[in-house]
Amino acid sequence: MELSRRRFIQASALTAMAAGFSAACGSSGSAAANGKDLTLWYWGGGLSDKVVADAKTQFAKDITLTANSVGGDFKQKLVTTLAAGGSSVPDITGIKGEDMASFIPSASKFLDLNTLGFKDISSQYLAWKVKRAQTPDGKQLGFPIDIGPTGMYYRVDLFEQAGLPTDPKQVAEKVKTWDDFFAVGAQLHQAVPKSFPVRNLPELFSIVINQGTKRFIDENNHFIGDQDHIRTAWNTAVKGFTSGLDGKVDDASWNAAIATGTLGIELGAAWHALDIEQAAPDLKGKWRVAPMPGGPANDGGSFLALPRQCRNPEQAFKIISWMLGPENDVRGFTDAALFPAAPAAYKLPAMTAGDPYFGGQSTIDVFGPAAQAIPISYEAPADAAVMAPYRTELTNVESSGKSPDAAWTDALSQAKQIAQRQGVS
């Protein structure tokens with residue numbers, strides 16, 4: 001539903017990953033039962049391939065680690081395999097951040113990492129990220145791989161044409177609120193009519209939701225999708241349309257929009273920098289990034305988990321602790337644009353160095369503080385399903401001119417129906 005850097009990484013490796021899934025099932029089934037052989041499932045771009053390869057060597061004296069990059073619908077394949085049980089279940093598996101909430105009700109299918117030592121090192125990782133993989137009674141299902149602190153990417157050359165400041169610190173001072181954002185966007189669009197500050201309405205809506213401490217369902221399993229915080233996010237998104245600042249760019253047209261300047265501003269996560277660079281390599285030095293208007297938000301980021309069938313939990317935990325320690329977190333960033341969940345990594349040279357594509361800017365100066373200030377919000381298992389109608393109706397507003405008020409009414413009605421079917425009161 002949302003543009004992801006993993007699409008670019010996966011696009012060149014679909015065949016290999018599809019084969020990887022078959023290999024994953026086969027190697028798990030034939031592995032020895034004594035715990036000397038462990039299997040790891042992840043998706044293309046979900047981990048640093050170099051760190052995975054080094055983990056095999058690092059622990060070769062104790063175990064044989066077979067790592068499989070699984071293609072296709074990773075979540076569905078994992079759900080199906082967990083339901084079947086038996087030797088086909090991997091010993092270590094990735095879980096995408098957007099899917100973690102849906103696995104919480106199935107906590108019994110995973111080991112509590114706190115019992116293996118995570119509670120002793122959890123303080124090394126961002127508290128809000130740790131909490132997103134916790135059950136209500138405190139069991140830790142996931143070990144943080146990465147996060148997605150967001151910022152406002154912008155074209156320096158187009159800002160110059162519009163008479164806007166171009167230095168990231170000056171832009172940060174000028175664009176603090178969403179009203180500031182729309183004002184700057186209007187100035188940009190007036191000076192460069194082909195260029196827009198808003199990609200599309202659903203994406204802007206999602207970003208504003210991610211900036212808050214409440215979403216669509218509260219911790220008592222009550223529907224709150226009709227409350228002011230949701231309506232405010234809706235109104236902010238709709239303003240992009242009514243003000244004429246909506247680029248109406250979808251995933252299929254995004255690459256061209258970045259390369260041609262249709263998007264002179266792009267709101268996105270730290271990993272989104274790789275998307276921009278791959279879409280427009282010729283624009284090296286012309287992009288910068290400033291803090292997100294309205295405050296920090298998170299978009300993306302994943303976890304490693306140990307299914308309850310794991311044949312050697314202690315050794316598996318040692319492996320993932322090593323792979324996701326601060327030093328290897330930095331390698332994940334340099335190798336695969338995985339932004340570290342361990343703040344200690346932010347001070348290491350690989351993180352503080354200037355990025356040539358962004359004119360030598362040290363982007364950690366934007367994303368580091370954002371990562372540590374992201375608000376903690378409760379994400380219910382049914383959250384994504386309940387959110388979907390709002391995004392659909394915002395698409396109807398921008399694509400067919402549907403009245404925003406009528407779209408809101410329809411979104412609310414559909415969301416309530418979905419929530420009720422999902423057991424939300």
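This section describes the sheets, the helices packed on them and the nonpolar cores of a predicted model.

Local features were taken at pLDDT of at least 70 and side-chain atom pairs at pLDDT 80 or more, whereas totals for chains, interfaces and linings use all residues of the predicted model. Residues are numbered from 1 along each chain as its sequence is written, and side-chain values use heavy atoms, with hydrogens and water left out.

Helices (H or I, at least four residues) and strands (E, at least two) are DSSP runs numbered from the N terminus, and two strands are paired if DSSP finds at least two bridges between them. An open sheet of 5 strands, with mixed pairing, follows the order β2-β1-β3-β9-β4. Its edge strands, β2 (64-69) and β4 (143-144), each pair on one side only. Strand β9 (residues 302-305) runs antiparallel to β4 and is joined to β4 by 2 bridges; Pro144 stands opposite Phe303 of β9.

Two helices are described against this sheet, with contact defined as heavy atoms within 4.5 Å and angles, from 0 to 180 degrees, taken between N-to-C directions of lines fitted to C-alpha atoms, for helices over the stretch in contact. Helix α3 (residues 49-58) lies across β1 (37-42) and β2, at about 160° to β2. Helix α15 touches β1, β2, β3 (92-96), β4 and β9, and its direction makes about 45° with that of β1.

A further open sheet consists of 3 antiparallel strands in the order β7-β6-β8. Because β7 (265-269) and β8 (287-291) each have a single partner strand, one side of each is left without a neighbour in the sheet. From one strand to the next, the twist averages 30°. Strand β6 (residues 150-155) is joined to the antiparallel β7 by 5 bridges, and Met152 has Leu267 in β7 as its bridge partner. Helix α14 (residues 272-279) packs on this sheet in contact with β6, β7 and β8, its direction making about 135° with that of β7.

Nonpolar cores were defined as sets of buried Ala, Val, Leu, Ile, Met, Phe, Trp, Tyr and Cys residues joined through side-chain atoms within 4.5 Å, buried meaning under 20% relative accessible area (1.4 Å probe, protein chains only). The largest core has 59 residues, and those with the most contacts inside it are Leu40, Leu47, Met323, Phe339 and Tyr346. Helix α15 (residues 313-323) contributes the largest share of this core, 5 residues. Residues up to four places away in sequence aside, the contacts of Tyr346 include Leu126, Ile147, Phe339, Ile364 and Ala371. A second, separate core of 50 residues includes Met152, Tyr154, Phe182 and Val238.
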